[in-house]
Amino acid sequence: MAGLFGGGTGRGPAAGPDEGRRLRVGVIGAGHFGRFHALKIAGSRRETLVGIHDPDHERAAAVGAEAGGAPALALDDLLARCDAVVVAAPAEHHFALAERVLLAGRHVLVEKPIASTLAQADRLAALATETGLVLQVGHLLRYSAEHRAITERISRPLYIEATRIAPFKARGTDVSVILDLMIHDLDLVLAIVDSEIEDVDALGAAVSSQHEDIANARVRFANGCVATITASRISLKTERRMRLFSEEGYLSADFVKRELTMIGRDKGLPLPGTGGFRREAVTWTDHDTLMAEHEAFAAACLDGAPVLVDAQAGRRALAAALAVTGGIAAARARMEQSGLVHRS
């Protein structure tokens with residue numbers, strides 16, 4: 001496929017970053033996430049915002065104006081003007097839009113989840129491979145300081161406990177809390193655990209929307225590691241924590257306070273009476289994770305840099321989320337049969 005920059009698709013051997021080139025990027029979707037993507041692109045060193053497409057033309061025009069005057073465009077016009085596209089539409093449209101972008105010969109950054117089914121994810125992965133185009137999935141926390149702080153300290157976890165709860169917001173209720181919130185921690189766990197999922201036991205309930213608003217999953221991996229993950233969007237407060245233990249030590253992270261404590265033998269202050277254990281206390285400052293994601297996207301498209309969260313990573317997170325959803329359905333069926341809950 002002929003390149004959009006006069007020198008290939010950006011996925012071939014790279015001679016090193018060319019800071020003079022800019023990636024012409026369009027955004028599909030002018031909602032909450034689409035607006036943030038547009039603003040980041042407008043402020044990027046290596047990207048240029050060429051336009052925004054949304055069925056609500058006035059909304060697209062308003063976001064474009066806020067992002068420096070980018071026009072609201074019909075989808076065909078947007079594809080004709082850009083080198084790459086961010087798909088930030090509702091989750092049910094991710095597959096159809098990402099497929100159309102790839103078939104048009106444009107790189108794509110698609111928000112999570114990558115698609116609705118594994119067959120759709122496989123189709124997108126195959127298209128990206130066939131065309132040599134970049135397909136990046138918007139699992140934003142892979143670019144975060146918290147992810148790096150954990151993976152630098154724990155590489156062989158035996159047990160992981162993750163909690164992500166927040167007050168109710170109408171945004172995101174077009175999908176379940178599994179695809180809205182839990183998928184973030186599922187992806188982080190999958191990035192840490194180098195093993196396939198063997199079994200999932202899950203519970204969930206729809207309280208304020210038509211989909212599950214609270215869920216808990218116990219995920220067992222083939223290597224013996226177990227992860228327990230809780231997600232809620234109907235809580236009174238915001239809490240994001242992760243605890244891990246392994247032969248390397250015990251780690252506790254509070255993502256809201258940006259604090260991490262590690263009990264191990266290698267780093268930190270000695271703990272008297274513990275037989276040689278040390279306590280390491282770490283804090284981190286926020287950095288612009290969304291901008292880091294866009295910098296990685298531009299580097300992949302322009303320089304041929306590796307895609308950190310590619311189609312396979314997106315598929316793996318989707319498979320885990322669907323396994324949790326299946327576990328919840330199976331648990332619900334048992335509860336209905338026993339009379340614990342009313343039949344749907």
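**Sheet architecture and packing in the predicted model**

Strand S11 (residues 249-254) and strand S12 (residues 259-264) run antiparallel and are joined by 5 bridges. Within this pair, Leu251 has Met262 of S12 as its bridge partner, and Ser252 stands opposite Thr261 in S12. The two strands form a hairpin in which 4 residues lie between them. Arg258, located in that turn, has a positive phi of about 60 degrees.

The structure described here is a predicted model. Its pLDDT averages 91 over the chain, and 94% of the residues score at least 70. Residues 1-15, by contrast, have a pLDDT below 50. In the model this stretch has 36 contacts beyond near neighbours in sequence.

On its other side, S11 is connected to S10. The two strands pair in the antiparallel sense over 6 bridges, and a hairpin of 2 residues joins S10 to S11. Arg243 has Ser252 in S11 as its bridge partner. Ser252 thus takes part in both pairings, with Arg243 as one partner and Thr261 of S12 as the residue opposite. Of the 6 residues of S11, 5 are buried, so the strand is largely enclosed by the rest of the structure.

S11 and S12 belong to an open sheet of 9 strands with mixed pairing. The order of the strands in this sheet is S7-S8-S9-S6-S10-S11-S12-S14-S13. The edges are formed by strand S7 (197-205) and strand S13 (269-270), each of which pairs on one side only.

Strand S6 illustrates the mixed pairing of the sheet, since the order places it between S9 and S10. With S10, S6 pairs in the antiparallel sense over 8 bridges; here Ile165 stands opposite Glu239 in S10. With S9, S6 runs parallel, and 7 bridges join the two strands; in this case Glu161 stands opposite Thr228 in S9. S6 is mostly covered, with 7 of its 9 residues buried.

Two helices contact the sheet. Helix H7 (residues 177-192) lies across strand S6 (157-165), S7, strand S8 (214-221), strand S9 (226-232) and strand S10 (239-246). The direction of H7 is at about 155 degrees to that of S9. Helix H9 (residues 311-338) also packs on the sheet, where it touches S7 and S8. The direction of H9 makes about 60 degrees with that of S7.

H7 comprises 16 residues and spans 22 Å from its first C-alpha to its last, close to the 22 Å expected at 1.5 Å a residue. A kink of about 50 degrees is nevertheless present in the helix, centred on Ile183. Because 15 of its 16 residues are buried, H7 is largely enclosed by the rest of the structure.

Outside the strands listed above, Val86 provides an example of a buried residue. Val86 is found in strand S3 (residues 84-87) and counts as buried because its relative accessibility is 0%, the cut-off for burial being under 20%. Leaving aside residues up to four places away in sequence, Val86 touches Val25, Gly26, Val27, Ile28, His37, Ile41, Leu109 and His294. Val86 and Ala60 are 26 residues apart in sequence, and their C-alpha atoms are 14 Å apart in space.

Notes: Residues numbered from 1 in each chain as written. Predicted model: local features only at pLDDT ≥ 70, side-chain atom pairs only at ≥ 80, totals over all residues. Heavy atoms only, no water. Pairing = 2+ DSSP bridges. Contact = heavy atoms within 4.5 Å. Axes fitted to C-alpha atoms, helices over the stretch in contact; angles between N-to-C directions. Buried < 20%, exposed > 50% of the residue type's maximum accessible area, 1.4 Å probe, protein only. Expected span 1.5 Å × (residues − 1). Bend = angle between axes of the 7 residues up to and from the residue. pLDDT = per-residue confidence, 0-100.
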